[in-house]
Amino acid sequence: MTAREDQARAGAMQRWWQVMRHGACPACGTPHMVWSGIALVRDTCRTCQAPLSAHEATGRTLYPVILPLVVVLVLGALAIDDKTHAPLWLQALGWVIVVPLAVAGAVRAAKAAVLAARVSGARA
């Protein structure tokens with residue numbers, strides 16, 4: 001792998017993190033321009049007018065993220081039930097909090113990665 005490929009990969013990882021964490025537009029880099037909700041992408045960047053919703057990952061694109069997450073959550077629930085034998089109401093309370101946070105975080109990360117890759121690919 002060449003130094004240029006290493007630099008490009010590092011730049012892509014940094015763009016992905018900036019988009020996911022800070023909502024930075026992958027086209028212009030202005031923070032707080034991508035997300036209109038926890039995992040909802042704005043139609044366009046308010047600064048550079050880049051069409052963000054055209055590059056959004058939706059539908060079948062997110063299956064490879066959600067399906068393994070569901071398997072991990074179900075196996076985790078079974079393991080915790082086996083180890084703790086907590087009452088059902090306590091488990092339900094815990095999983096009602098954990099599952100939406102895990103799914104929203106995974107969907108946001110996947111959408112940020114796809115958005116950063118597609119927008120930077122469209123610019124190149």
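**Exercise 1. Getting an overview**

How many helices and strands does the secondary structure of the chain come to?

*Solution.* Before counting, note that this is a predicted model, where local features need pLDDT of at least 70, side-chain atom pairs count only at pLDDT 80 or more, and totals for chains, interfaces and linings use all residues. Residues are numbered from 1 along each chain as its sequence is written, and side-chain values use heavy atoms, with hydrogens and water left out.

Step 1: get the rule straight. Helices (H or I, at least four residues) and strands (E, at least two) are DSSP runs, numbered from the N terminus.

Step 2: count. The chain has 3 helices and 0 strands, and from the N terminus on its elements run α-α-α.

Step 3: look at the chain as a whole. Of its 124 residues, 28% count as buried (buried means under 20% relative accessible area, exposed over 50%, partly exposed in between, with a 1.4 Å probe and protein chains only). The accessible surface comes to about 8100 Å², and 66% of that belongs to carbon and sulfur atoms; such areas come from the Shrake-Rupley method with a 1.4 Å probe, and for residues only the protein chains shown count as cover.

**Exercise 2. Checking a helix with a ruler**

Find out what span helix H2 should have, and how far apart its end C-alpha atoms are.

*Solution.* Step 1: the expected span of a helix is 1.5 Å times one less than its number of residues.

Step 2: H2 covers residues 63-84, which is 22 residues, so it should span 32 Å.

Step 3: the end C-alpha atoms of H2 are 31 Å apart, which agrees.

Step 4: now peek past the end. Just after H2 comes His-85, in the loop between H2 and H3. His-85 has a positive phi of about 55° although it is not a glycine, and it is exposed at 61% relative accessible area.

Step 5: look for another case. His-32, in the loop between H1 and H2, has a positive phi near 65°. His-32 counts as exposed too, at 58% relative accessibility.

**Exercise 3. Bonded or not bonded?**

Work out how many disulfides there are, and what Cys-25 and Cys-28 are up to.

*Solution.* Step 1: a disulfide is a pair of cysteine sulfur atoms within 2.5 Å.

Step 2: by this rule the count is 0 disulfides.

Step 3: take Cys-25. Its nearest cysteine sulfur, that of Cys-45, is 3.7 Å away, so Cys-25 is in no disulfide.

Step 4: take Cys-28. The closest cysteine sulfur, in Cys-48, is 3.8 Å from its own, too far for a bond.

Step 5: compare their surroundings. Cys-25 is buried, with a relative accessible area of 2%, whereas Cys-28 is partly exposed at 35%.

**Exercise 4. Hunting for the salt bridge**

Find which residue pairs with Glu-56 in a salt bridge, and say which parts the pair ties together.

*Solution.* Step 1: side chains of opposite charge can pair when their charged atoms come close. A salt bridge is a side-chain nitrogen of Lys or Arg within 4 Å of a carboxyl oxygen of Asp or Glu.

Step 2: the structure holds 1 salt bridge. Glu-56 forms it with Lys-111, and the closest N and O atoms are 2.8 Å apart.

Step 3: place the partners. Glu-56 lies in the loop between helix H1 (3-22) and H2 while Lys-111 is in helix H3, so the pair ties together parts that are 55 residues apart in sequence.

Step 4: buried or exposed? Both Glu-56 and Lys-111 are buried, with Lys-111 at 9% relative accessibility.

Step 5: look around Lys-111. Beyond neighbours within four places in sequence, its contacts (heavy atoms within 4.5 Å) include Trp-35, Ala-39 and Leu-62.

**Exercise 5. Inside and outside of H3**

Is Leu-115 buried or exposed, and how about Leu-101?

*Solution.* Step 1: Leu-115 sits in helix H3 and is buried at 0% relative accessibility.

Step 2: leaving aside neighbours within four places in sequence, Leu-115 touches residues including Val-19, Val-41 and Leu-52. The C-alpha atoms of Leu-115 and Val-41 are 9.3 Å apart, though 74 residues separate them along the chain.

Step 3: Leu-101, also in H3 (residues 88-123), is exposed at 62%.

Step 4: Leu-101 belongs to a nonpolar surface patch with Trp-89, Leu-90, Leu-93, Ile-97 and Val-98, about 630 Å² of accessible area together. Patches are made of residues with over 30% relative accessible area and no salt bridge: like charges are joined within 9 Å, nonpolar side chains (Val, Leu, Ile, Met, Phe, Trp, Tyr) within 5 Å.
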